[in-house]
Amino acid sequence: MLPFQAHFYDGLTAGRHDVHVALNSDRVHLDISGDTLSPALHWPLQDLRALKGSADRDGLTLTRVAETDDEAPRDPARLVITDPAAIDWFHKTRPSLFKTDLRSGTFRKIATYAGAAVVAVLMMLFVILPALANSLAKILPIEREIAFGRHVTAQMERFMGASELGGLRCSSPEGDAAIAKMLTRLTENHDMHYDVEIHVFDHPMLNAFAAPGGQVVMMRGLIEEAERAEEVAGVLAHEIAHVENRDATRHALRATGSAGLLTMLIGDFTGAAAIALIGEHMLSASYTREAEGIADEFALEMLANADVDSNGFARFFDELGEHTHGVEIPSYLSTHPATGDRADKARAFAAQQSDTRPILNETEWQAMRSICDKSD
Amino acid sequence: MNTHSSAPLSYHGEKGPLFSLAFKTALLTLITLGIYRFWQKTRIRKYIWSSIDMGGDRLEYTGTGLEKLLGFFIAVLFLAVYLGAIQMGLFYFGFSMMVDPQTASYEEMIGYLIAIYASFFAVLPFLLFAVYRARRYKMARTRFRGIRFGMDNGAWGYVGRALLYWLLSILTLFILSPLAMFKLEKYMADRSYYGSGRIEQGGKWTALYKYALHMFIGIVLLAGGAGAGAALQNEALMIIGMVVGYIWFFVGITYFQIRSFAYLMENKTLNGEIGFTCEPKTGTVIKHYIVGGLIVGLIIGVIAAILGAGVSIIAGAMLSGGNVDPMMFTILPIIIGVVIYLPLLVLAQALALVFITQPIIAHIVETTAVTNADALNRITQRETERGVDADGFADALDVGGAI
């Protein structure tokens with residue numbers, strides 16, 4: 001209890017003052033006096049604040065609220081108390097001992113800077129980086145793009161379990177010829193910027209992708225699940241659309257910029273990388289969804305020009321829908337539009353088509369389906 | 001002469017309170033998607049600073065989480081534009097340099113590698129800038145006996161010197177790295193203050209070589225062992241050479257770090273009259289690394305094994321139910337990551353702070369003393385440091401140590 005002996009630092013010099021602390025007779029001030037301290041100080045009790053988060057269990061360091069230029073509105077003077085009874089008394093009688101005091105306008109300042117930072121980042125992510133990516137993708141020399149595409153395809157193959165380069169690639173003379181025929185039929189009425197190169201990977205996944213520079217990869221699972229050649233043709237037309245729109249290239253350029261930005265924002269705390277990855281995925285999902293929609297339309301047009309029935313394309317989406325057991329990934333997480341909508345669109349388009357003819361005959365279709373069968 | 005009043009430092013931090021503080025704040029950081037990290041850093045620093053005692057007076061850390069948040073926003077404003085554009089420009093450069101690895105010529109491959117490393121060099125000046133600013137912020141927010149520490153603004157001067165000295169040391173195969181280390185420490189120390197008292201770095205850079213000897217021997221053993229083993233087609237010789245070299249190097253570099261820190265500390269003076277003695281033992285530091293590492297590894301290993309077994313039982317039960325949903329293969333790894341991996345990583349970090357970092361800090365603090373401590377009484381207050389970015393750049397660029 002009061003009074004008690006303590007150390008005092010006046011905030012002006014590093015010299016220690018041994019002081020006597022007592023409650024003023026008005027009961028709202030603390031009197032601090034000592035031989036080396038003149039004049040004696042009278043600190044209002046309501047202004048007293050203690051240092052927070054200290055490892056010092058046996059001591060309590062007091063200061064008081066004061067208007068300063070410091071990071072917090074605190075008097076630089078320090079009263080160091082080690083008397084247990086006194087520490088106890090302060091804890092019990094001063095409810096605002098550990099209160100945080102903020103200057104007026106702090107939140108407005110934070111809000112202003114937060115707003116400016118958010119605007120800068122959003123501008124970068126949604127306006128500047130995509131625009132830069134678009135123009136960079138346009139001026140990128142095609143041969144470099146092709147080299148990069150080969151690199152990506154090779155990486156993908158390794159990722160899917162190939163022990164050596166080309167280890168997953170399926171090829172047979174009849175199958176290759178069927179694929180070439182399908183490609184020619186789809187592209188002959190189109191002014192193509194790229195030479196499309198098609199690979200079939202020996203993998204059960206129901207999927208296909210386009211790499212930069214005209215590399216298109218279809219998985220064995222996709223061809224096997226298809227009932228008609230038109231289904232494969234629809235998917236192929238869709239991937240060709242990605243190639244022609246340079247989607248993969250633009251995507252790679254934009255992703256590098258925004259991934260770097262997101263990692264910076266989230267910082268280096270534990271788990272930051274995982275969160276940045278999810279953020280980047282959600283961001284790229286919104287872009288690719290748009291690109292997918294455009295590619296679908298392009299594909300339907302291509303099928304129409306080649307007189308290929310787009311019901312096949314619709315059936316492929318039905319197939320895809322079945323494989324997800326009706327569990328739709330929420331659209332903000334998914335990189336593709338809802339499959340049901342895509343199937344409906346393709347079916348509606350098919351209803352307007354008249355003179356369609358088969359894209360492959362039965363022999364060619366079977367050759368394509370067995371392209372991954374080992375010939376031995 | 002003035003050694004009549006030597007005041008030893010002591011460290012009073014404990015394992016329990018620091019662990020619960022570190023673990024709790026790290027979980028809060030995870031839950032708030034990283035926003036709490038500014039307060040996490042603040043609270044851990046407050047704990048460690050206030051554990052350091054001289055003559056009954058504790059160090060004080062006065063930084064706040066809010067100012068770190070603000071500093072971060074400011075850094076983002078600057079860096080968002082710079083980094084986003086630079087990174088993509090460089091990637092484009094790398095992209096257009098991209099070559100087919102099967103057909104590339106030697107020159108093309110070199111060009112490709114240069115393009116990749118260029119992005120690192122574009123950010124390097126900012127990293128060095130952040131290093132200086134982070135130290136300045138720490139100084140500006142440290143007080144002792146109510147008196148502020150401080151540091152002059154000189155970040156770009158530091159960037160220039162650091163680039164120069166490190167280039168020099170790389171060109172000399174790191175033989176000149178003690179020069180870089182000494183000069184850069186001197187640059188920062190000479191701009192530092194405690195109140196009105198200026199800190200000065202004395203000593204000579206060549207003195208650091210006697211501590212660097214074993215580090216260099218380790219490198220020679222590593223390279224020599226590998227080289228001799230390869231030349232003689234002797235695998236055993238190669239493995240022995242590399243293992244001995246690696247251990248020698250690890251001990252050597254720890255010895256170098258500890259002894260050169262002590263040398264630099266003992267040759268600092270404050271206000272021209274206050275000095276320091278600093279005698280940490282390399283053996284004790286290595287012991288803390290090994291024992292602490294084993295404890296952390298053991299705890300994490302046991303918990304991971306228990307959780308892993310639990311997950312495989314659940315996953316097994318779900319998969320044996322027949323109807324395997326392909327979606328599960330996408331979602332399951334994410335769930336495992338969020339539920340197990342991240343909290344485990346948080347736990348490992350908190351344990352490492354308690355069992356490795358804190359004991360080493362404690363050892364260094366307790367082997368340090370201030371000579372002529374009475375002269376501290378003549379130190380007077382200094383002005384508040386304005387314009388510190390509160391670690392904003394260091395945070396945005398992932399620069400910074402354990403605390």
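The exercises below, each with a worked solution, concern a predicted model.

In this model, local features need pLDDT of at least 70 and side-chain atom pairs count only at pLDDT 80 or more, whereas totals for chains, interfaces and linings use all residues. Residues are numbered from 1 along each chain as its sequence is written, chains are lettered from A and ligands numbered from 1 in the order in which they are written, and side-chain values use heavy atoms, with hydrogens and water left out.

**Exercise 1. Chain B and the cores**

Task: Describe the make-up of chain B, and state which residues have the most contacts inside the largest nonpolar core.

Solution: Begin with secondary structure, where helices (H or I, at least four residues) and strands (E, at least two) are DSSP runs numbered from the N terminus; chain B has 11 helices and 10 strands. Next take burial, for which buried means under 20% relative accessible area, exposed over 50% and partly exposed in between, with a 1.4 Å probe and protein chains only; of the 403 residues of chain B, 49% count as buried. A nonpolar core is a set of buried Ala, Val, Leu, Ile, Met, Phe, Trp, Tyr and Cys residues joined through side-chain atoms within 4.5 Å, and the largest one has 71 residues, with B:Met54, B:Tyr158, B:Tyr194 and B:Leu376 having the most contacts inside it. Helix α10 (residues 326–366) of chain B gives the most to this core, namely 11 residues. Apart from this core lies another, of 44 residues, among them A:Ile179 and A:Val243. Finally, with contact taken as heavy atoms within 4.5 Å, B:Tyr158 touches residues including B:Leu128, B:Tyr132 and B:Met188, when residues up to four places away in sequence are not counted.

**Exercise 2. A helix pair**

Task: Determine how helices α1 and α2 of chain B are oriented, and what kinds of residue form their contact.

Solution: Two packed helices are described by the angle between their axes and the distance between the axes. The axes are lines fitted to C-alpha atoms, for helices over the stretch in contact, and angles run from 0 to 180 degrees between N-to-C directions. Helix α1 (residues 15–31) of chain B packs on helix α2 (residues 37–49) of chain B at an angle of about 170 degrees, and their axes are 9 Å apart. α1(B) is therefore roughly antiparallel to α2(B), given that angles under 35 degrees count as roughly parallel, over 145 as roughly antiparallel, 65 to 115 as roughly perpendicular and the rest as oblique. Residues in α1(B), including B:Leu18 and B:Leu21, meet residues in α2(B), including B:Ile44 and B:Tyr47. The residues of this contact divide into seven nonpolar, three polar and three charged, where Ala, Val, Leu, Ile, Met, Phe, Trp, Tyr, Cys and Pro count as nonpolar, Asp, Glu, Lys and Arg as charged, and the others, Gly among them, as polar.

**Exercise 3. The disulfide**

Task: Locate the disulfide and assign its handedness.

Solution: A disulfide is a pair of cysteine sulfur atoms within 2.5 Å, and the count comes to one over all chains. A:Cys170 and A:Cys372 form this disulfide, with sulfur atoms 1.9 Å apart. The torsion about their S-S bond is about 100 degrees, so the disulfide is right-handed. The pair links distant parts of the chain, 202 residues apart, with A:Cys170 in strand β8 (residues 169–170) of chain A and A:Cys372 in the segment after α11 (362–369) of chain A. A:Cys170 counts as buried at 10% relative accessibility, and A:Cys372 is buried with a relative accessible area of 8%.
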